[in-house]
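Q: Hello! I'd love a close look at one part of this model, its interior. Could you walk me through it, with enough of the surroundings to place it?

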Amino acid sequence: MSRPAMNTVPTDPAGAEQSFDPTGPLPTGTVVLEASAGTGKTYTLVALAVRYLAAGVPVGKLLMATFSNAASAELRDRTRSRLVDCVAALAAPERARVHGDPVIRTLADGDDAQVAVVRDRLADALADFDSAT
C-alpha cells in the first residue's frame, strides 16, 4: 500500500507545526501525531515503528499509544501485517528498491548485505512482536 507523505502536522517542542514524512529522518524523543480521522496517522505510526525496528530498536523499547481498545487492536494488527510485508519484500532487494511502497524502498536503501541485515532485524522483531502480543 503506497501513500504520500502524511498531511498531518505534528508539533515540535516549541509548538511550531511541521509536515511529516514517514520516510524522512527518524525523529528522536517523543513523537505526537495529531490529525483528523482518515489522514494516515495509523499508517505513519506503523511506518515509523517498522523503521525503528529496522534500525535495531528492540520491540520492547517502542510505545505506541492510542485512545481505545479497538484502535489499539487495529494498530497492533497493522504493525504485525506491515512487518510481515516488509520481511517478504526485502527478500528480493532489487525488487524492494523499486517497490511501490516508499517505506519498503527506504528500507532497501543500501547494498544487498545491508538490506539482509535490515530484513533479519525485522524478522527478529516479528518473532518478538508475536511473543509479546
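A: Happy to. Residues 24 or more positions apart in sequence make up 55% of the chain's contacts with a separation of 6 or more, where a contact means heavy atoms within 4.5 Å. Please keep in mind that this is a predicted model, where local features need pLDDT of at least 70, side-chain atom pairs count only at pLDDT 80 or more, and totals for chains, interfaces and linings use all residues. Numbering starts from 1 along each chain as its sequence is written, and side-chain values use heavy atoms, with hydrogens and water left out.

A word on confidence comes next. The chain has an average pLDDT of 86, and 86% of its residues score at least 70; pLDDT is the predictor's confidence in each residue, from 0 to 100. Among the elements, helix α3 (residues 93-96) has the highest mean pLDDT, 98, and helix α1 (residues 41-54) the lowest, 93. Over residues 1-11, pLDDT stays under 50, and the model has 43 contacts beyond four places in sequence for that stretch. Where pLDDT is low, the predicted coordinates should not be read in detail.

The overall layout is α-α-α-α-α along the sequence, with 5 helices and 0 strands. These are DSSP runs numbered from the N terminus, with helices being H or I of at least four residues and strands being E of at least two. Of the 133 residues, 33% count as buried, meaning under 20% relative accessible area, while exposed is over 50% and partly exposed lies in between (1.4 Å probe, protein chains only).

Now to the interior itself. The largest nonpolar core has 24 residues, and V50, L83, L90, L107 and L122 touch the most other members. Such a core is a set of buried Ala, Val, Leu, Ile, Met, Phe, Trp, Tyr and Cys residues joined through side-chain atoms within 4.5 Å. Helices α1, α2, α4 (102-107) and α5 each supply at least two of its residues. L122 makes a good viewpoint: leaving aside residues up to four places away in sequence, L122 touches V50, L53, A54, L83, C86, V87, L90 and L107.

L122 also takes part in the meeting of two helices. R76, T79, R80, L83, V84, C86 and V87 of α2 meet R119, L122, A123, L126, F129 and D130 of α5. By class, this contact has 8 nonpolar, 1 polar and 4 charged residues; Ala, Val, Leu, Ile, Met, Phe, Trp, Tyr, Cys and Pro count as nonpolar, Asp, Glu, Lys and Arg as charged, and the others, Gly among them, as polar. The axes of α2 (residues 69-89) and α5 (residues 112-132) come within 9 Å and cross at roughly 150 degrees, with axes being lines fitted to C-alpha atoms over the stretch in contact and angles running from 0 to 180 degrees between N-to-C directions. Their crossing is left-handed, a term for the near helix being turned anticlockwise from the far one by less than a right angle.

Helix α1 offers another view, from L48. L48 is buried, with a relative accessible area of 5%, and touches F20, P22, L26 and P27, not counting residues up to four places away in sequence. The C-alpha atoms of L48 and D21 are separated by 9.7 Å, although the two are 27 residues apart along the chain.

L62 sits in the loop between α1 and α2 and is partly exposed, at 27% relative accessible area. Beyond four places in sequence, L62 touches A49, Y52, L53 and V57; its C-alpha is 7.3 Å from that of A49, 13 residues away along the chain.

To finish at the surface, T133 lies in the segment after α5 and is exposed, with a relative accessible area of 56%. T133 and R76 are 57 residues apart in sequence, yet 8.3 Å apart C-alpha to C-alpha.
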